[in-house]
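Me: I would like a close look at one part of this protein. Take me through the strand pairing and the packing that goes with it.

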Amino acid sequence: MANLQKHRAHESLNVDTAAGWDVQTRLTISSAAHVTSDVSSASQICIESESEILFRFDSSTSDTIVANNDPTIPANTLTFLKIPKGVGETIYVHFKQVSSAASKFLKIVHL
């Protein structure tokens with residue numbers, strides 16, 4: 001019989017646990033261009049960036065970050081974000097540097 005459940009019991013209850021730990025290759029970020037990560041299979045992500053960054057979740061690979069509207073994450077801060085599953089079937093998170101400093105690195109873990 002096929003397993004038709006999308007979430008395990010602890011995920012359905014919205015408990016802060018993770019079934020996996022998938023370290024991604026670090027991303028190079030700048031203020032000129034955004035970087036994207038497909039987070040469709042994750043329930044949350046862990047982020048650490050060398051510079052302050054803007055972020056946004058959506059179902060497109062295009063750069064949709066709006067500096068005046070999107071939230072920021074401070075530099076050198078370990079941050080956990082839950083993935084908003086209502087965005088679409090395929091979910092991307094976009095990152096872009098706030099300032100025009102030299103390119104920096106962003107580390108991301110899918111949980």
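Reply: Start with one pairing. S4 and S7 run antiparallel to each other and are joined by four bridges. Across that pairing, Ile45 faces Leu81 of S7. This is a predicted model.

S7 covers residues 79–82, and its side chains alternate. Thr79 and Leu81 point to one face and are buried. Phe80 and Lys82 point to the other face and are not buried. In general, side chains of a regular strand alternate between the two faces of the sheet.

S4 has a second partner. Strand S4, residues 44–49, is joined to S9 by five bridges, again antiparallel. There, Ile47 has Ile108 of S9 as its bridge partner.

S9 takes part in further pairings. Strand S9 spans residues 104–110 and is linked to S1, residues 22–23, by two bridges in the antiparallel sense. In that pairing, Val23 stands opposite Val109. Strand S2, residues 27–29, is joined to S9 by three bridges, also antiparallel. Ile29 of S2 has Lys104 as its bridge partner in S9.

Now the other strands. Four of them form an open sheet in the order S3-S8-S5-S6, with antiparallel pairing. Its edges are S3 (35–38) and S6 (72–73), each of which pairs on one side only. S5, residues 53–58, is joined to S6 by two bridges. One bridge pair here is Ile53 with Ile73 of S6.

For context, the protein has one helix and nine strands. The order from the N terminus is α-β-β-β-β-β-β-β-β-β.

Next, the packing. The largest nonpolar core has 18 residues, and Ile45, Ile47, Phe57, Phe95 and Leu106 touch the most other members. S2, S4, S5, S8 and S9 each supply at least two residues of this core. S5 gives the most, with three residues. Two residues already met in the S4 pairings, Ile45 and Ile47, are among those with the most core neighbours.

Phe95 shows how this core connects. Leaving out neighbours within four places in sequence, Phe95 is in contact with Ile45 and Ile47, and also with Leu106 and Ile108. The contacts of Phe95 also include Ile29, Ala33, His34, Val35, Ile53, Leu54, Phe55 and Ile65. Two bridge partners, Ile47 and Ile108, thus both appear in the contact list of Phe95.

Phe57 is the next residue to inspect. Phe57 lies in strand S5. Its relative accessibility is 17%, so Phe57 counts as buried; the cut-off is under 20%. With the same sequence neighbours left out, its contacts include Val39, Ile45, Leu81, Lys82, Ile83 and Pro84. Val87, Ile91, Tyr92 and Val93 are also in contact with Phe57. Both members of the Ile45 and Leu81 pair are therefore in contact with Phe57, which counts as buried at 17%. The C-alpha atoms of Phe57 and Gly88 are 9.9 Å apart, with their places 31 residues apart along the chain.

Phe57 also belongs to the one aromatic pair of the structure. The ring centres of Phe55 and Phe57 are 6.2 Å apart and the planes are at 80°, so the pair is edge-to-face. Both Phe55 and Phe57 are buried.

Follow the contact list of Phe57 to Ile91. Ile91 sits in the loop between S7 and S8, the latter covering 92–97. Despite that loop position, Ile91 is buried, at a relative accessible area of 1%. Beyond its neighbours within four places in sequence, Ile91 is in contact with Ser37, Asp38, Val39 and Ser40. Phe57, Asp58, Ile83, Pro84 and Lys85 are in contact with Ile91 too. The C-alpha atoms of Ile91 and Ser60 are separated by 7.6 Å, and the two residues are 31 apart along the chain.

One ring has a charge over it. The charged end of Arg26 sits over the ring of Phe105, 3.4 Å from the ring centre.

Last, the overall totals. Among contacts between residues at least 6 apart in sequence, 80% join residues at least 24 apart. Buried residues account for 32% of the 111 residues. The exposed area is about 6,800 Å², with 50% of it from carbon and sulfur atoms.

Key. Residues are numbered from 1 along each chain as its sequence is written. This is a predicted model: local features need pLDDT of at least 70, side-chain atom pairs count only at pLDDT 80 or more; totals for chains, interfaces and linings use all residues. Side-chain values use heavy atoms; hydrogens and water are left out. Two strands pair if DSSP finds at least two bridges between them. Buried means under 20% relative accessible area, exposed over 50%, partly exposed in between (1.4 Å probe, protein chains only). Contact means heavy atoms within 4.5 Å. A nonpolar core is a set of buried Ala, Val, Leu, Ile, Met, Phe, Trp, Tyr and Cys residues joined through side-chain atoms within 4.5 Å. Rings of Phe, Tyr and Trp (its six-membered ring) pair if their centres lie within 6.5 Å; planes under 30 degrees apart count as stacked, over 60 as edge-to-face and the rest as tilted. A charge sits over a ring if NZ of Lys or CZ of Arg is within 6 Å of the ring centre and within 35 degrees of the ring normal. Accessible areas come from the Shrake-Rupley method with a 1.4 Å probe; for residues, only the protein chains shown count as cover.
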